[in-house]
Amino acid sequence: MRTPRRTLAAAVVAAVVLPLSACGASDGSGGSTDASGKVEGDITFQTWNLRANFKPYFDGLVADFEKKYPGTHVRWIDQPAEGYADKISADAAGGTLPDVVNVSPDLVAPLAKAGLALDLDKAAAKYKPEYLDGAWASHRIPGMTGTYAFPWYLNTGPLFYNKSLFREAGLDPEQPPRTYSELFDDALQMARQSKGRVATLANVPTVEDFGRYGAELMNRQGTAFAFNDAKGVELLTKYKELYDAKALDPQALTATPESTGKKFLTGAVAMNPGSALDLDNFRKQAPNLYKNIGITDQITSTGHVNMYVMGVMVNSRTKHTAAAVAFAHYVTDAQNQMSFAKKVAIFPSTAGSLDDPYFAKEDGTDETRVRIAAAKSLKDAVNYTPVLFSDQMKTALRNEVAKALQGKESPKTALDNAVSACDRLLQQQG
């Protein structure tokens with residue numbers, strides 16, 4: 001299992017929208033929105049590349065649910081990561097979509113638009129208080145009312161920084177930047193003090209950065225993008241300043257996670273996102289870095305970091321709405337999410353779960369250090385990536401950002417062009 005699984009999930013819009021747009025009414029007709037009836041009947045539950053590593057967990061989950069509700073039978077099916085979007089598309093178009101489906105927000109968006117995702121604000125509103133507000137909101141679709149999946153597990157990444165590089169630049173190693181304004185000031189000082197030898201950042205801004213900076217990403221109707229507003233232009237203008245001062249790594253335009261990780265390892269970059277696996281790597285390959293490693297939250301000027309979220313959707317055309325809703329809730333309730341989180345490096349979306357000692361009490365291990373840092377930031381995190389933002393749109397934004405940083409276009413022109421390109425792609429989605 002790969003978490004977060006954004007790369008595959010984001011591809012679903014192009015793969016699913018066209019078949020779905022032809023497959024049915026948008027009013028969700030064909031099934032009942034009433035989940036108050038008796039929990040009984042046969043339902044299917046589809047997960048996304050989880051059987052290989054977690055079969056005992058899901059076998060037990062199904063068995064416990066069937067024991068709790070003797071009149072039910074759950075058939076668990078698991079699809080491989082490769083082709084998951086295509087499989088959902090084919091099932092949706094053919095009327096064979098499972099009753100309960102593991103989705104991400106961008107996977108659920110076209111299903112909701114086609115009337116195939118049950119609106120939980122109508123069918124299961126009583127469960128909403130059980131979940132973190134940001135997690136519940138992550139499966140809402142711009143331009144539509146309603147929430148179309150139970151939030152399941154979350155992920156985020158803390159930011160690592162090299163305390164020795166901060167110290168050498170005259171910066172307080174115990175007070176890393178937390179807002180973009182602080183980041184820009186510290187990065188320029190780092191570049192000046194190192195004479196351009198050390199960059200603070202190694203990545204160009206993404207749509208999540210624009211969200212964390214406070215730019216409006218889309219209009220409320222979900223019909224157009226808006227990250228070319230004053231805040232967006234301001235952010236890209238500051239990144240241009242960093243790039244010119246070598247406070248942003250010169251290779252940032254072509255950076256990969258592997259290349260940025262290597263630069264952080266060798267001391268060419270002062271800050272980089274990562275995980276507990278990276279900490280172990282630092283300990284083995286760069287003991288001096290490991291001794292000077294700092295862990296802090298993602299940079300944000302809104303007070304909210306970015307979260308990645310997976311969900312569990314109920315097919316609006318299921319013949320057993322009460323059972324499907326009950327099972328989707330069961331999979332994502334606090335007890336079962338906590339149990340799952342202890343088997344894999346993810347975080348529960350249920351309110352209060354992140355206060356559990358498992359996410360709050362240090363035990364001296366690297367894994368726990370990172371887990372505690374991430375859990376703390378997730379309590380009021382937001383899924384900034386618009387659910388309608390496809391991989392093609394990410395590429396369009398990245399290309400225009402590159403032109404602005406290279407001085408080929410002004411930040412305003414670059415973002416205007418990026419928004420225009422993304423709007424055209426949005427219209428093609430239907």
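In this predicted model, Asn383 sits in the loop that runs between helix H18 (366-378) and helix H19 (391-405). Is Asn383 buried or exposed? Its relative accessible area is 13%, and residues under 20% count as buried, so Asn383 belongs to the buried group. Leaving out residues up to four places away in sequence, Asn383 touches Pro105, Ser138, Asn306, Met307 and Val309.

Asn383 also helps to line a pocket, the second largest one. This pocket has a volume of about 630 Å³. Its lining is made up of 24 residues, and those nearest its centre are Ala137, Arg140, Pro142, Asn383 and Pro386. Sorted by class, the lining of the second largest pocket holds eleven nonpolar, nine polar and four charged residues.

Empty space can also be enclosed. Rolling a probe the size of a water molecule over the atoms shows where empty space is left. How many cavities of 30 Å³ or more does a search of the whole structure find? The search finds two. The second largest cavity encloses about 30 Å³ of space. Around this cavity stand Thr156, Gly157, Pro158, Thr296, Asp297, Gln298, Ala373, Ala374 and Ser377. Helix H18 gives the largest share of this lining, with three residues. By class, the lining of the second largest cavity has three nonpolar residues, five polar residues and one charged residue.

Thr296, named in that lining, leads on to a sheet, as this residue stands opposite Leu159 across a strand pairing. The sheet is open and has three strands in the order S6-S5-S7, paired in the antiparallel sense. Why is one side of S6 and of S7 left without a neighbour in the sheet? Strand S6 (271-273) and strand S7 (293-296) are at the edges and have a single partner strand each, so one side of each has no neighbour there. From one strand to the next, the twist averages 30°. Strand S5 (residues 159-162) is joined to S7 by four bridges, and the two run antiparallel. Helix H12 (residues 257-266) packs on this sheet and touches S5, S6 and S7. The direction of H12 makes about 140° with that of S6.

A second set of pairings centres on strand S4 (residues 150-155). Six of the six residues of S4 are buried, so this strand is largely enclosed by the rest of the structure. S4 is joined by four bridges to strand S8 (residues 308-314), with the two running antiparallel. Within this pairing, Phe150 has Val312 in S8 as its bridge partner. S4 also pairs with strand S9 (residues 347-348), again in the antiparallel sense, over two bridges. Here the bridge partner of Leu154 is Phe347 in S9. As a general point, in a regular strand the side chains alternate between the two faces of the sheet.

Both S4 and S9 appear again around helix H16 (residues 334-341), where they are among the elements covering its buried residues. Which residues of H16 are buried? They are Asn336, Gln337, Met338, Phe340 and Ala341. The cover over them also includes helix H3 (51-68), helix H15 (321-332) and helix H17 (357-360).

A parallel pairing is found between S1 and S2, which are joined by eight bridges. Strand S1 (residues 41-48) is mostly covered, with seven of its eight residues buried. Trp48 stands opposite Gln79 in S2. Gln79 lies in strand S2 (residues 72-79) and is buried, with a relative accessible area of 16%. Apart from neighbours within four places in sequence, Gln79 is in contact with Gln46, Thr47, Trp48, Asn49, Tyr84 and Lys87.

The last residue to visit is Val198, found in the loop between helix H9 (180-193) and helix H10 (207-213). Val198 has a relative accessibility of 1% and counts as buried. Which residues does Val198 contact, leaving aside neighbours within four places in sequence? The contacts are Leu165, Met190, Ala191, Lys246, Gly267, Ala268 and Ala270. Along the chain, Val198 and Ala247 are 49 residues apart, yet a separation of 7.1 Å is found between their C-alpha atoms.

Conventions. Residues numbered from 1 in each chain as written. Predicted model: local features only at pLDDT ≥ 70, side-chain atom pairs only at ≥ 80, totals over all residues. Heavy atoms only, no water. Pairing = 2+ DSSP bridges. Axes fitted to C-alpha atoms, helices over the stretch in contact; angles between N-to-C directions. Contact = heavy atoms within 4.5 Å. Buried < 20%, exposed > 50% of the residue type's maximum accessible area, 1.4 Å probe, protein only. 1 Å grid on protein atoms, 1.4 Å probe; cavity = no way out; pocket = protein on both sides within 12 Å on 5 of 7 lines; lining within 4 Å. Points joined across faces, edges and corners; volume = space filled by probe spheres on them. Nonpolar A, V, L, I, M, F, W, Y, C, P; charged D, E, K, R; others polar.
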